[in-house]
Amino acid sequence: MMQRRIKLRLDEVKDFVSAASKCDFDIDISYNRYVVDAKSIVGVLGLDLNQVLTVSYNGYDAQFEKMLNRLSLAS
């Protein structure tokens, strides 16, 4: 299971969900105890976008990785 910490702005949600939807594996995005399907725009918009979010997934997609690299926090 891969996990990445990201910061997501409201204007980036549509592109993030679109990139996640093109993947053939499950992707979850979470904050504290709330976990939603990253392929659901309603679910992602329901999260507190002011917080650092954790993306969890099993699989690899080059476009999705590119999106995550753009949104990732420095480790």
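This report looks at helix α3 and at the salt bridges of the structure above. Keep in mind that the model is predicted.

**Helix α3**

Let's start with the helix that runs through residues 62-71, which is α3. Which of its residues are buried? They are F64, E65, M67, L68 and L71. If you look down the axis of α3, these buried residues fall within an arc of 160°, so they line one face of the helix. Turn to the face that points away from the buried side, and you meet the exposed residues Q63, K66, N69 and R70.

So what covers the buried residues of α3? The cover includes two strands from the earlier part of the chain's numbering, β1 (2-6) and β2 (27-31), along with helix α1 (13-21) and strand β4 (53-57).

The N-terminal end of α3 has a cap, and D61 provides it. A side-chain oxygen of D61 sits 3.3 Å from the backbone nitrogen of Q63, and Q63 is one of the exposed residues mentioned above.

**Salt bridges**

How many salt bridges does a search of the whole structure find? It turns up three, and here they are with their N to O distances:

| Salt bridge | Distance |
|---|---|
| R4 and E65 | 3.0 Å |
| R9 and D11 | 3.2 Å |
| R9 and E12 | 3.4 Å |

Take the pair R4 and E65, whose side chains meet at 3.0 Å. R4 belongs to strand β1 and E65 to helix α3, so this pair ties together parts that are 61 residues apart in sequence. Are these two partners buried or exposed? Both R4 and E65 are buried. E65 has already appeared among the buried residues of α3, and β1 is part of what covers them.

The other story centres on R9. Its salt bridge with D11 has its closest N and O atoms 3.2 Å apart, while the side chains of R9 and E12 meet at 3.4 Å. R9 has 49% relative accessibility, so it counts as partly exposed; the cut-off for exposed is over 50%. D11 has a relative accessible area of 54%, and is therefore exposed. E12 comes out at 10%, so it is buried. Salt bridges with shared partners join R9, D11 and E12 into one network.

Notes. Residues numbered from 1 in each chain as written. Predicted model: local features only at pLDDT ≥ 70, side-chain atom pairs only at ≥ 80, totals over all residues. Heavy atoms only, no water. Buried < 20%, exposed > 50% of the residue type's maximum accessible area, 1.4 Å probe, protein only. Helix = DSSP H or I, 4+ residues; strand = E, 2+ residues; numbered from the N terminus. Arc of directions from axis to C-beta. Contact = heavy atoms within 4.5 Å. Polar contact = N/O pair within 3.5 Å; in protein donor to acceptor, adjacent residues only side chain to side chain. Salt bridge = Lys/Arg side-chain N within 4 Å of Asp/Glu carboxyl O.
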